[in-house]
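Trainee: I have a model open and some questions ready. Shall we work through them one at a time?

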Protein chains: 2
Amino acid sequence: MARIVFKFGGTSVSDVAHVRRVATRVVKAFRAGDEAAVVVSAMAGTTDQLDHWTREIGGMMDAREYDTVVAAGEQITAGLMALALQSEGLMARSWLGWQLPIETDDAHARARIRHIHAAEIEDRLARREIPVLAGFQGIASTGRITTLGRGGSDTSAVAIAAALNADRCDIYTDVEGVFTADPRIVPSARRIERIAYEEMVELASLGARVLETRAVEMAMRNGVSVQVRSSFHDTPGTLLVDEDEIMEQDVVTGVTYSRDEAKLTLTGVHDKPGVSASIFGPLAAEGVNVDMIVQSGSHGGERINYTFTVVERDMERAVRAIEDARNEIGFDSIVADANVAKVSIVGLGMRTRPGVAQTMFATLAERGINLQVISTSELKISVLIDETATEEAVRALHAAYGLDSA
Amino acid sequence: MARIVFKFGGTSVSDVAHVRRVATRVVKAFRAGDEAAVVVSAMAGTTDQLDHWTREIGGMMDAREYDTVVAAGEQITAGLMALALQSEGLMARSWLGWQLPIETDDAHARARIRHIHAAEIEDRLARREIPVLAGFQGIASTGRITTLGRGGSDTSAVAIAAALNADRCDIYTDVEGVFTADPRIVPSARRIERIAYEEMVELASLGARVLETRAVEMAMRNGVSVQVRSSFHDTPGTLLVDEDEIMEQDVVTGVTYSRDEAKLTLTGVHDKPGVSASIFGPLAAEGVNVDMIVQSGSHGGERINYTFTVVERDMERAVRAIEDARNEIGFDSIVADANVAKVSIVGLGMRTRPGVAQTMFATLAERGINLQVISTSELKISVLIDETATEEAVRALHAAYGLDSA
């Protein structure tokens, strides 16, 4: 007997027929003697619709009211899932964030979970009931509904699995697991059977959409055994494990990409002490995250150029923040370019094998793909390239590191 | 300065543009110095959609989960309305049933309000904030969300107006007030400027859809001044008042109808003591409400016929309940007929003027409309007729009682 948290994403509960269909997976495990708790997202499209309405209303966005509106999506699916399980003859009960409660801080729309009161859920599990929890939401100490930010339901599921000491947290989604690359771009991509948490954190934060970065980090910190599985095919999926549980480590585990990037270049920046702080301070104040940064000399050493990347939706805000700080910074021009993509290779193996970067650069150079920015860490190498070359680059790297299936 | 509760129905908040539009009515009153609290329904169609999903899921319907699902509709509009008011530069805050709380009994899907904790709302009003309350919902002592049944948002609004000692409860809807008859059927129908609570209770329960019967009863009991107004036209609407505030009373105030009726006839019933209880006991046990009842002798006195009406959606359940009790009752046959309609005249004036019923019967007889069942009370006379004659009957009665506008 195992204790399993089942998490179903939006496409897995996109309508009543889907809710009924994925419920049978829970029923099967339960009938086999397992304890089951379920965490649900909103029906696919619902959160976008609710989000859209809050923006359409106009005015300054009050995040407290935003959270009240969008949290309704998971409330609906939690109730429907409980009904679906009941229709299979099982005892099931929905639980909203405020009902357990799931305590969060009061950073509305991007709240962090502080504590999950799981006693009631433990009690229900002991009575062979199936608790169905609305993902993505909690309650602040003010008594207002909070949400965890987009993709927060994965985080809810992992947090609940940790609170319940679950044997496994199964994240059901519309793909069959984590792949060596996006199968829509690389048809020869293979499902990864076991991946280290650290690698998954990198893949998730570098563009792989299958799991939320926060959820993976939380799983790693709490030792939650996470499995990514298909809601629609009965295939094994991908298991997240500790590094030492992976027997034979490939050099590169996966190739990923993100088109949601924008490049900003400041030319003719006066090179004086504190200039970096004068550029990135205003961006931080605006809540703009800067990813890759390159500084390059020019004009005989007195003037330099700065190139950095932000997510595409922050581009205009970043330009404005820099323009507003023009006097403090001192620069000639700022150029923004959204036609860029970040392509990354990720793998624990690259720590111990030299030449990994060289293979990447040579592979892209052979195809005439220009590297605009390079950024590396222990587990990954990312390059910024022209957006139109994204697919070619991903396919070429996937082949170059021997990831293509036979 | 007045304290006003504004209630907006589903068609008044059917999309974001409508929410913004009706919000301006609140803004206007607020800027003129009034205190304003707002109660909202779900967007038109939302409750039906959510209700439909819960039925589509199948299985026995658990009313606790039903309530969790459908209450999401008002949650969404409460948040959106708060945002709309904020976008006009006002302070506004949404409040869900569990947040005040609005305590109800635990009769899910048809809960009754027990107590509204209004202290927080009073406090916010004093600070010139506009509380926006989700209608239709409350919380049971079990901590689960309850809903008040269809149309329950009117009841929420009146209850909140009572709890706040509001000067007025303005029910904004998609019609310009209460009319002497349904204007879609009787083009010459007139808006009623002032109507007695008692008359409105009858009109509402006999088919007029403009206000929920429960809400009117609650307003009457608590002396809440209710005004029914158009969300879309700046017209005076209809004011609910005490009987003695109406100067000149028409004999008949309004003509109304309901097509949502079914007639059941039991023939050859053994006439013995307790036979009525043996028929209506099983129906009550099934939760079927019986409206009009006629008992008629036949077969030389030993056997009698019973005719009674139920709402159309209960017809099959009623037939089954009677069939199941066939041995206890003893009857020849049961015939069900959904092609009937109930047409009613309502008016305080008919208490003191004789001949009102005779005018009704003669008017219908002239047109060859057969009366299948007649039911009277102090304030109304209802007749059951063939459904196809509904519109003709309503128009004829409207004219006969001098209600047609000049």
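Trainee: Between which strands of chain A is Pro101(A) found?
Mentor: This is a predicted model, so keep that in mind throughout. Pro101(A) sits in a loop of chain A. That loop runs between strand E3 (92–95) and strand E4 (102–104).

Trainee: What is omega for the peptide bond from Leu100(A) to Pro101(A)?
Mentor: Most residues other than glycine have a negative phi, and most peptide bonds are trans. The bond from Leu100(A) to Pro101(A) is cis. Its omega is near -5 degrees.

Trainee: Which peptide bond of chain B is cis, with omega about -5 degrees?
Mentor: Look at the loop between strand E3 (91–95) and strand E4 (102–104) of chain B. Pro101(B) is found there. The cis bond joins Leu100(B) and Pro101(B).

Trainee: Is Arg128(A) buried or exposed?
Mentor: Find Arg128(A) in the loop between helix H5 (119–126) and strand E6 (130–134) of chain A. Its phi is positive, about 65 degrees, although it is not a glycine. Now count C-beta neighbours inside 10 Å: there are 11. A count of 12 or fewer means exposed, so Arg128(A) is exposed.

Trainee: What is the phi of Arg128(B)?
Mentor: Arg128(B) lies in the loop between helix H5 (119–126) and strand E6 (129–134) of chain B. Because Arg128(B) has 11 C-beta neighbours inside 10 Å, it counts as exposed. It is a residue other than glycine, yet its phi is positive. The value is near 60 degrees.

Trainee: Which residues of helix H8 of chain B are buried?
Mentor: An α-helix has 3.6 residues a turn, so residues three or four places apart point the same way. Helix H8 of chain B covers residues 213–222. Its buried residues are Arg214(B), Ala215(B), Val216(B), Met218(B) and Ala219(B).

Trainee: What do the buried residues of H8(B) pack against?
Mentor: Both helices and strands of chain B take part. The strands are E11 (226–230) and E12 (238–241). The helices are H6 (152–163) and H7 (197–205).

Trainee: Which residue just after H8(B) takes a positive phi?
Mentor: Step just past the end of the helix. The phi there is about 60 degrees. The residue is Gly223(B).

Trainee: Which residues touch the most other members of the largest nonpolar core?
Mentor: In soluble globular proteins, nonpolar side chains tend to be buried together. The largest nonpolar core here has 256 residues. The ones touching the most other members are Met81(A) and Met81(B).

Trainee: Which residues is Met81(B) in contact with, leaving aside its neighbours within four places in sequence?
Mentor: Set those sequence neighbours aside. One contact is Ala23(B). The others listed are Val13(B), Val19(B), Val38(B), Val40(B) and Val132(B).

Trainee: How many residues of chain B are in contact with chain A?
Mentor: Count the residues of chain B that touch chain A. On the chain A side, 30 residues take part. On the chain B side, the count is 30.

Trainee: Which element gives the largest share of the side of chain B that touches chain A?
Mentor: The elements giving two or more residues are helices H1 (16–31), H2 (46–56), H3 (63–70) and H4 (72–87) of chain B. That side divides into 15 nonpolar, 11 polar and 4 charged residues. The largest share is 11 residues, from H4(B).

Trainee: What kind of axis relates the two copies?
Mentor: A rotation of 180 degrees superposes chain B on chain A, with an RMSD of 0.1 Å. The shift along the axis is 0.0 Å. The copies are therefore related as by a two-fold rotation axis.

Trainee: Which residue of chain B has the C-alpha nearest the axis?
Mentor: The same surface serves both copies, with 100% of the contact residues of chain B recurring in chain A. Now look for the C-alpha 2.6 Å from the axis. It belongs to Ala72(B).

Trainee: What is the radius of gyration of chain A?
Mentor: Chain A has 406 residues, so a compact globule would come near 22 Å. The value for chain A agrees with that. It is 23 Å.

Technical notes: Residues are numbered from 1 along each chain as its sequence is written. Chains are lettered from A and ligands numbered from 1 in the order in which they are written. This is a predicted model: local features need pLDDT of at least 70, side-chain atom pairs count only at pLDDT 80 or more; totals for chains, interfaces and linings use all residues. Two residues are in contact if their C-beta atoms, placed from the backbone, lie within 7 Å. Helices (H or I, at least four residues) and strands (E, at least two) are DSSP runs, numbered from the N terminus. Ala, Val, Leu, Ile, Met, Phe, Trp, Tyr, Cys and Pro count as nonpolar, Asp, Glu, Lys and Arg as charged, and the others, Gly among them, as polar. A nonpolar core is a set of buried Ala, Val, Leu, Ile, Met, Phe, Trp, Tyr and Cys residues joined through C-beta atoms within 7 Å. A residue is buried if 20 or more other C-beta atoms lie within 10 Å of its own, exposed if 12 or fewer, and partly exposed in between; C-beta atoms are placed from the backbone. Copies are superposed by least squares on the C-alpha atoms of residues with pLDDT of at least 70 in both. The radius of gyration is taken over C-alpha atoms; the globule rule is 2.2 Å times the number of residues to the power 0.38.
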